[in-house]
Amino acid sequence: MEKDAGMIILHLMYDTLAYSKDSLRTWLKHLNTLDADLWLLNEYIDANMTSSANQLQNEMIAKYPLSALEQNSLSAYRNMLNFLVGKSKYALSTTDLTTIGGFASGPNLYTKGYVENILSFYGAYYPPNYELPEIEERNSLPTNHDSYTSTILVFPNPIHGNVAFIVPKTESIKIQAIKIFNISGMKVFEFTAESALNSIVWQNDKVNSGIYYYHVALDDNTVQTGKITVIK
């Protein structure tokens, strides 16, 4: 339903010559996701609807289990939006660009990408941040693992909810750690077990639909990699 509601919003904006801002805000509010609420906060501030923005920010803090960092990032995001009110993002002064750049430091979970998109228009370059775990060379493995093929089960896949990484009962290996990356190479999940486990569950409620890549480190110094499709 969230996916369908998101498509309605896109069609509302792209396929309608003159759409109602109230309709857009209503759909965003009922998506009931953090990303949609951040977008809605942008809409309220851009329309100078201060009371609605205040109420929404308070609701977001109460609705979502935000950490202290996330709450500070939310405040920084709102401060950035307030600063941009009445300014064209394509005609910012040098002073404006310096101020905008400041929002990309400190608590920036929600501002960094926004700021980098603006500054990129003015010639700034931000290379992709790829973070991949080191993989042991095959010839460094114990002799009895030269022809080893990992058989970790990843179920279900594609997924609508959580996904489990499971060691079959027939295997003597165990899971030591897991890292998951999005298609841009950014790490979205990491777990390292204090002691090796037979299974680990990834609760992916905070990621969007898309393709993700997993790296499962095993206790025999091998790594299994693969792809997960998340559909929400």
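Which residues of α7 are buried? They are Y114, V115, E116, I118 and L119. Keep in mind that this is a predicted model. Helix α7 makes a good starting point for a walk through it.

Helix α7 covers residues 112–121. What do its buried residues pack against? They pack against three helices: α3 (34–46), α5 (68–84) and α6 (94–102). After α7 comes G123. The phi of G123 is positive, near 105°.

One name among the buried residues of α7 deserves a second look: E116. The side chain of E116 meets that of K112 in a salt bridge. The N to O distance is 2.6 Å. Both residues lie in α7, four residues apart, which is about one turn of the helix. An α-helix has 3.6 residues a turn, so residues three or four places apart point the same way. Are the two partners buried or exposed? E116 counts as buried because its relative accessible area is 17%, and the cut-off for buried is under 20%. K112 has 37% relative accessibility, so K112 counts as partly exposed.

Now turn to two of the helices that α7 packs against, α3 and α5. Two packed helices are described by the angle between their axes and the distance between the axes. The axes of α3 and α5 come within 10 Å. They cross at roughly 35°, and the crossing is right-handed. Which residues make the contact? From α3 come L38, L41, N42 and I45. From α5 come L74, Y77, R78, L81 and N82. Six of the contact residues are nonpolar, two are polar and one is charged.

How many salt bridges does the model hold? The count comes to five. The pair in α7, K112 and E116, is one of them. Another joins K29 and E59, with the closest N and O atoms 3.4 Å apart. This pair links distant parts of the chain. K29 sits in helix α2 (residues 21–31) and E59 in helix α4 (residues 50–63), 30 residues apart. K29 is partly exposed, with a relative accessible area of 38%. E59 is partly exposed too, at 28%.

Next come the strands. Four of them form an open sheet, in the order β4-β3-β6-β7. The pairing is antiparallel. Strands β4 (187–197) and β7 (223–230) stand at the edges. Each has a single partner strand, so one side of each is left without a neighbour in the sheet. Neighbouring strands are turned by 15° against each other on average, direction ignored.

Look at one pair of strands in detail. Strand β6 (residues 210–218) pairs with β7 over eight bridges, in the antiparallel sense. Where does V216 find its bridge partner? In β7, the partner is Q224.

On the other side of the order, β4 and β3 stand next to each other. A salt bridge joins side chains of E190 and K179, at 3.8 Å from N to O. E190 is in strand β4, and K179 is in strand β3 (residues 175–182). The two residues are eleven residues apart. Both count as partly exposed: E190 has a relative accessibility of 41%, and K179 has 23%. The pair also belongs to a network. Salt bridges that share partners join K179, K187 and E190.

Definitions and conventions
Residues numbered from 1 in each chain as written. Predicted model: local features only at pLDDT ≥ 70, side-chain atom pairs only at ≥ 80, totals over all residues. Heavy atoms only, no water. Pairing = 2+ DSSP bridges. Axes fitted to C-alpha atoms, helices over the stretch in contact; angles between N-to-C directions. Salt bridge = Lys/Arg side-chain N within 4 Å of Asp/Glu carboxyl O. Buried < 20%, exposed > 50% of the residue type's maximum accessible area, 1.4 Å probe, protein only. Contact = heavy atoms within 4.5 Å. Left-handed = near helix turned anticlockwise from the far one by under 90°. Nonpolar A, V, L, I, M, F, W, Y, C, P; charged D, E, K, R; others polar.
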